[in-house]
Amino acid sequence: MTASPDHVSSREDPASFVRALHHSQVEEGRSWENQDLAAFLEALVAWIDDADGWYSNAGHELPANGDWRFFARALRAATVYE
């Protein structure tokens with residue numbers, strides 16, 4: 001996958017990033033560790049819980065004021081949005 005989360009800086013960028021994830025899953029899904037939605041969501045929860053460690057190991061500071069509600073609303077909306 002060529003998209004990088006480091007290039008997400010506007011409202012449009014998350015859509016482009018998720019679009020790239022979707023393309024990667026369609027084209028290369030068998031190479032993904034978490035190939036179905038349940039495994040993907042479980043891994044997402046685990047990563048969010050451990051994000052402070054990832055940020056620390058990567059030499060970055062965990063964003064204190066990220067718009068977590070936007071992220072949560074987007075995930076929730078995807079359960080019913082067509």
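Colleague: Why is Val80 called exposed?

Modeller: Val80 has a relative accessible area of 66%. Buried means under 20% relative accessible area, exposed over 50%, and partly exposed in between, with a 1.4 Å probe and protein chains only. Val80 is therefore exposed, its 66% being over 50%. This is a predicted model, in which local features need pLDDT of at least 70 and side-chain atom pairs count only at pLDDT 80 or more, while totals for chains, interfaces and linings use all residues. Residues are numbered from 1 along each chain as its sequence is written, and side-chain values use heavy atoms, with hydrogens and water left out.

Colleague: Where does Val80 lie?

Modeller: Val80 belongs to the segment after helix 3; helices (H or I, at least four residues) and strands (E, at least two) are DSSP runs, numbered from the N terminus. The C-alpha atoms of Val80 and Val45 are 20 Å apart, with their positions 35 residues apart along the chain.

Colleague: What makes Gly29 buried?

Modeller: The relative accessible area of Gly29 is 7%, which is under the 20% limit, so Gly29 counts as buried. Gly29 sits in the loop between helix 1 (12-28) and helix 2. Neighbours within four places in sequence aside, Gly29 is in contact (heavy atoms within 4.5 Å) with Ser24 and Gln35. Between the C-alpha atoms of Gly29 and Ser9, 20 residues apart along the chain, there are 26 Å.

Colleague: How much of the protein chain is buried?

Modeller: Of its 82 residues, 7% are buried.

Colleague: Why is Leu75 described as partly exposed?

Modeller: Leu75 has a relative accessible area of 38%. That value lies between 20% and 50%, so Leu75 is partly exposed. Leu75 is part of helix 3.

Colleague: Which residues form the nonpolar patch on the surface?

Modeller: Leu75 is joined there by Trp47, Ile48, Trp54, Trp68 and Phe71, and together they have about 610 Å² of accessible area. Helix 2 (37-57) and helix 3 (68-77) are the elements that give two or more residues to the patch. Patch residues have over 30% relative accessible area and no salt bridge; like charges are joined within 9 Å, and nonpolar side chains (Val, Leu, Ile, Met, Phe, Trp, Tyr) within 5 Å. A salt bridge is a side-chain nitrogen of Lys or Arg within 4 Å of a carboxyl oxygen of Asp or Glu. Leu75, at 38%, therefore passes the 30% limit.

Colleague: What pattern does the protein chain follow along the sequence?

Modeller: The pattern is α-α-α, with three helices and zero strands.

Conventions. Accessible areas come from the Shrake-Rupley method with a 1.4 Å probe; for residues, only the protein chains shown count as cover.
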